Amino acid sequence: MRAARLMRVVLLLQNRRSMTAAELAAELEVSERTVQRDIASLSEAGVPVYADRGRSGGYRLIGGYRTRLTGLGRDEAEALFLSGVPSALHAMGLADAASAARLKVSAALLPELADAPASAAQRFHLDAPGWWREAETPPLLPVVAEAVWDDAVLHVVYRERERVLAPYGLILKAGAWYLAARVGDAYRVYRVDRFTAAAPAGERFERDESFDLPSFWAQRAAEFARSILRETVTVRLSGAGARLLRQVTDRAAAEESLAAAGPPDGAGRVTVVLPVESLEVAYHQLLGLGPEAEVLAPPALRHRFAEAAQRTARLYG
């Protein structure tokens, strides 16, 4: 651990020319006293680190010293490809590996390209969690992530049942973590926050190299979205309601329903039969369309909308 930190100190000074003890401490997440001890250890090892005194002083490398310790390890190389998702790296316990990898890449760049990493970071950022919700990191995520990287068989407890999984990949969807895993000859998806226990089984599994995580997830996500649409409602939509329907309900279901709809009636409205998760969910979704949507069936849902309209009219009456 300390050896990796010492290497990061050298790479930081190589990339930034000069840094104060406070800046190094903040970057390495250690105390200034630890930085001072690390600098002393580097000097004893023959690394030409010089301390500039005074208010604008700091540590720097003498005479254009450049380390050759820029080869990427496997964990660093893998983490580098995830560096656009810093929150995910931190959650999986890979933040340090990604930081070391970025430093090594920066150290290998020509001087005229030294600003390339910062330039890219200012032009692209992926914010995975959805709006209006606080993303929580499942406590067992680092254990699961390590098993994914190592192709290690996992013993888990999922919904109070013990299972043995071959963990193939992790997916971060709108702030929630999912594990794609093989169980026997089948591939399944598990929500990581529903694991109550997870530990390596002490053996590795043989990965099927034909398995494609993005394709698998796209298929399962589409199947899941369809599987939960167990009810249907009949809705008469204005032009604005038809345009907004995709924003308040399942997009694929809305588009299929609109495509199957007949021509507009005399008032310019179209009638669609819309698959929904439940009548309760449909009520809250379609309520957002206000007068742009008229629920025709089932009768119980139409009655509920009529009551809501009457209450709203009294509030504004």
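1. Is Tyr190 buried or exposed? In this predicted model, Tyr190 is buried, since its relative accessible area of 4% falls below the 20% under which a residue is called buried.

2. The chain that holds this residue has 317 residues, of which 34% count as buried, and its secondary structure comprises 13 helices and 11 strands. The protein chain exposes about 19400 Å², with carbon and sulfur atoms supplying 53% of that area. If one takes the contacts between residues at least 6 apart in sequence, 60% of them join residues at least 24 apart.

3. On the aromatic side chains, the count comes to 11 aromatic pairs. One of them is formed by Tyr158 and Tyr190, whose arrangement is edge-to-face, with 4.9 Å from centre to centre and 90° between the planes. This pair links distant parts of the chain, given that Tyr158 belongs to strand β4 (residues 152-158) and Tyr190 to strand β7 (residues 186-191), 32 residues apart. Tyr158 is buried as well, at a relative accessible area of 7%, and the value for Tyr190 is, as stated above, 4%.

4. Another edge-to-face pair is made by Tyr168 and Tyr187, at 5.2 Å centre to centre and with 90° between the planes. Here too distant parts of the chain are linked, with Tyr168 in strand β5 (residues 161-173) and Tyr187 in strand β7, 19 residues apart. Tyr168 has a relative accessible area of 4% and is therefore buried.

5. The pair of Tyr168 and Tyr187 also has a wider setting, in that both residues belong to one aromatic cluster together with Phe205, Phe211 and Phe216. Tyr168 has, in addition, a charged neighbour: Arg207 lies over the face of its ring, at 4.7 Å from the ring centre. An arrangement of this kind is also found for Tyr283, over whose face Arg304 lies, at 3.8 Å from the ring centre.

6. Helix α8 (residues 141-150) deserves a separate remark, and its buried residues are Leu141, Val144, Ala145, Ala147 and Val148. Which part of the helix do the buried residues of α8 line? Seen down the axis of α8, they fall within an arc of 160°, so they line one face of the helix. The residue that follows α8 is Asp151, and its phi is positive, near 55°.

Notes: Residues numbered from 1 in each chain as written. Predicted model: local features only at pLDDT ≥ 70, side-chain atom pairs only at ≥ 80, totals over all residues. Heavy atoms only, no water. Phe/Tyr/Trp six-rings, centres within 6.5 Å; stacked < 30°, edge-to-face > 60°. Helix = DSSP H or I, 4+ residues; strand = E, 2+ residues; numbered from the N terminus. Buried < 20%, exposed > 50% of the residue type's maximum accessible area, 1.4 Å probe, protein only. Lys NZ or Arg CZ within 6 Å of the ring centre and 35° of its normal. Arc of directions from axis to C-beta. Contact = heavy atoms within 4.5 Å. Areas by Shrake-Rupley, 256 points an atom, 1.4 Å probe, with all protein chains shown as cover.
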